[in-house]
Number of protein chains: 2
Amino acid sequence: MAKELKNFTKRSDNYSQWYNELVIKADLAEQSAVRGCMVIKPYGYAIWEKMQRVLDDMFKATGVQNAYFPLLIPKSFLCREAEHVEGFAKECAVVTHYRLKNDPDGKGVVVDPEARLEEELIVRPTSETIIWGTYKNWIHSYRDLPLLINQWANVMRWEMRTRMFLRTSEFLWQEGHCAHATAEESEARTVEMINIYADFAENYMAMPVIKGVKSPNERFAGAVNTYTIEAMMQDGKALQSGTSHNLGQNFAKAFDVTFINKENQPEYVWANSWGMSTRMMGALIMTHSDDNGLVLPPRLAPLQVVIVPIYKDAEGLEKISEKVAPIVENLRKRGISVKYDDADNRRPGFKFADYELKGVPVRLALGARDLDNGTVEIMRRDTLEKETVSLEGIEDRIAALLDDIQTNLFAKALALREAKTVKVDTYEEFKEKIEEGGFILAHWDGTPETEEKIKAETKATIRCIPLEGDPEPGVCMVTGKPSERRVIFARSY
Amino acid sequence: MAKELKNFTKRSDNYSQWYNELVIKADLAEQSAVRGCMVIKPYGYAIWEKMQRVLDDMFKATGVQNAYFPLLIPKSFLCREAEHVEGFAKECAVVTHYRLKNDPDGKGVVVDPEARLEEELIVRPTSETIIWGTYKNWIHSYRDLPLLINQWANVMRWEMRTRMFLRTSEFLWQEGHCAHATAEESEARTVEMINIYADFAENYMAMPVIKGVKSPNERFAGAVNTYTIEAMMQDGKALQSGTSHNLGQNFAKAFDVTFINKENQPEYVWANSWGMSTRMMGALIMTHSDDNGLVLPPRLAPLQVVIVPIYKDAEGLEKISEKVAPIVENLRKRGISVKYDDADNRRPGFKFADYELKGVPVRLALGARDLDNGTVEIMRRDTLEKETVSLEGIEDRIAALLDDIQTNLFAKALALREAKTVKVDTYEEFKEKIEEGGFILAHWDGTPETEEKIKAETKATIRCIPLEGDPEPGVCMVTGKPSERRVIFARSY
């Protein structure tokens, strides 16, 4: 039984298959009956809830408020911002009718042809259009600004090839939509949000990210500038993990949203939008997990500590339970989530394997001999190291260990990224290195043409133009034209 | 300015219009560009978030876990449970295509006729079908049961006549879907959830409710039995506030969900579902609010206390601010949400009116004279009573006042309900009394025919057959046939 739990593909054999199987094995999600849409199972959803709570608190601490806008967007709204519709709105779910009727020819129901909508409605792929259509009535004067609003919502993009969490037709996300009186203020908020995403990724997900700017080819449709955080998965591929878009006045112009500024002049409003999605579940899994299953950073683990009693009979269990009760209570008082698993229908070995599969950061095992010795076996999921330690001060030890695991996971991921990041100066070398996976720092002449050529020939894209680090001038590896700084190339999810 | 805030219809002039205007004035929600769909504005959403948090905690305390199922449901799923599709699935948003394309005849986009779905997808009006289609793979043995799952989601029903919060095409809700090994256990869970809803309504919303069972006519489509909580609004109309459905084995049979029971025999799974929605925002408003605006029970108020300084100059403000700072800190330490509104672009009179409109339960006002006297003016929103009290121990006084407001709102609503509830024994008297609004306790012979006749002739429906109170036998006011107990009739939202 315990072995069966771990019977799935190894990363080194097939990373992609390992991921797909792990999502199922760890009970995170599964495909639904609807093409490209997943069911997020309770354990997966519990991790997502933790992410939501942390992000929501971070947003609110900067003055953002939540609201809710309609799921369906009139088709005409999508066309208002020309680049937006061009880049975005084609592959989407279209509502054309509003009624079913009994099938006159037999069983079941059919679409009622008389209930055709005058204008089709689109299931939101993102909400800039409906929100800016609404803001028109909310914003009149500079006194109404800034407007700092976020929504937690489901969105839908009719993806051709889907993978659970990473790319699904329906997904869950938050989308922030801010309105400002000045370009500077809007730019500052755009940057503030990418910094919040980086903080969340690094300090909660324990996932190092590189902050940067997207090249024009990779920019959000309708944006003046897109900031991104890019993470490296264990297979060396990049995963875009959060984006923040400076929309300039594009949407304000498309929806005619003006305000009277302090100089008493009408002016178009300045906008930004920013989002993070259930894709982060995929990023979390692919950054830390191993061939035994999930590895969760303690700060996002729904269950941080599990205690498994090893006993022969009811009397033995009772003695262990008595010893464990105050430990559980003390851990809960510290805000540590803990489960004492005394279920008698599964053997300890099965429990161990199952909690490893689920990525519970710390496991304690306590048997009769431990009671005699005043000890307990403690295992950390990240390294699988076991140690027998004194029960004295066990709560302090656990708290410190959780911190240490959090730190260690980040350090390990960072070390991997550094090991898999190379500087390359010639296109020849680039073509060679890109096959090995990882990030490549190379010079690029800044043109979409060169980027497209590289993408067509190597499947690598510019992940971002990094915000941090000293710019080092050079020449484009493809065209030899001057380049101000190296950019990051990678193949990506 | 301050007067303008209160310039809206009075309840006694037109209750329905008062409601519509208040929703807008208090900045809770507004109509969107999409027919029948609303935008929930930040202040309205903040109240909904409070409701969500309380309910979510209550559910989890009973072992319920959250999950997420697809937005779109294949059309064929809806037809599986015969009564369900008959009663439910006709008026709904139908997705027929998955792509738009540039209009070949000009500007904009059109639906791509080549991207027609083989099977239409329905935006979920409720999720029993997709969820039971999924449970089939999750449930094999009695060891997999019970399955206690809830989802927070948006749903859509194409309503002909909509009113904000009360009846909108898209609304937000939670829907619980439990699976059990025995009929008894499922029935117990169905009742447990209606009790939780009643607890939430009475102890958080301060809204008294009557727990009962729906008559067959008013039962959920596909349910064996529907439990409901019914509240009375200030105009005497009933509002169904939460329902819990015992689904028997109907959905298990429709989706072929069986399990191996303890006797090693295959058996269909027993089901229940239960939901509460943003409709509760409407109930909250209509239960407590008055001609000055919203009145919010402290336990659901996003802002519980506001402090307004009354000052002549910067120096005066500074002195007040110094005095207020520790009070704010102490209140926050107690978990009381408080705002010190020292904004200088609005006059105190405007602030007072605005916070009254928004239903903030307690307002403090502090001027120079108060500083000299060590006093503060305190106003409670429910009664609008003002009092000048000592600053000494002000935190204790505020905490006690918040409790008192919570209790008082419930008592007031209960007194209204009692005053507007009458026992009636003849159909003549019934027809007279129903025009006055309120609940009518009357005898009914238990047949759908009699209920339909009463509804057709008086627009009143049976709100519920009460669970509590001593049953008093009698004879049906319409047919004279025997009746075991009085049931509750009312006109309803």
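Q: Before we start on the interface, when do two residues count as being in contact here?
A: Two residues are in contact if their C-beta atoms, placed from the backbone, lie within 7 Å, and please keep in mind that this is a predicted model.

Q: OK, so how many residues does each chain put into the contact?
A: Chain A contributes 53 residues and chain B contributes 52 residues.

Q: And what is the side of chain A that touches chain B made of, in terms of nonpolar, polar and charged residues?
A: On that side of chain A, 34 residues are nonpolar, 10 are polar and 9 are charged.

Q: Which strands join across the two chains?
A: Strand 5 of chain A, residues 94-97, is joined by 3 bridges to strand 5 of chain B, also residues 94-97, and the two run antiparallel; within this pairing, Val95(A) has Val95(B) as its bridge partner.

Q: What turn lays chain A on chain B?
A: A turn of 180 degrees with a shift of 0.0 Å along the axis lays chain A on chain B with an RMSD of 0.0 Å, which means that the chains are related by a two-fold axis. In chain A, the C-alpha nearest that axis belongs to Val95(A), 2.1 Å away from it. The same surface serves both copies, since 98% of the contact residues of chain A recur in chain B.

Q: Switching topic, which residues have the most contacts inside the largest nonpolar core?
A: That core has 290 residues, and those with the most contacts inside it are Leu72(A), Met205(A), Leu72(B) and Met205(B).

Q: What does Met205(B) touch, leaving out residues up to four places away in sequence?
A: Met205(B) touches Phe200(B), Met280(B), Ala283(B), Leu284(B), Pro297(B) and Leu300(B).

Technical notes. Residues numbered from 1 in each chain as written. Chains lettered and ligands numbered in written order. Predicted model: local features only at pLDDT ≥ 70, side-chain atom pairs only at ≥ 80, totals over all residues. Nonpolar A, V, L, I, M, F, W, Y, C, P; charged D, E, K, R; others polar. Pairing = 2+ DSSP bridges. Helix = DSSP H or I, 4+ residues; strand = E, 2+ residues; numbered from the N terminus. Core = buried A, V, L, I, M, F, W, Y, C linked by C-beta atoms within 7 Å. Buried ≥ 20, exposed ≤ 12 C-beta atoms within 10 Å, placed from the backbone. Least-squares fit on C-alpha atoms with pLDDT ≥ 70 in both.
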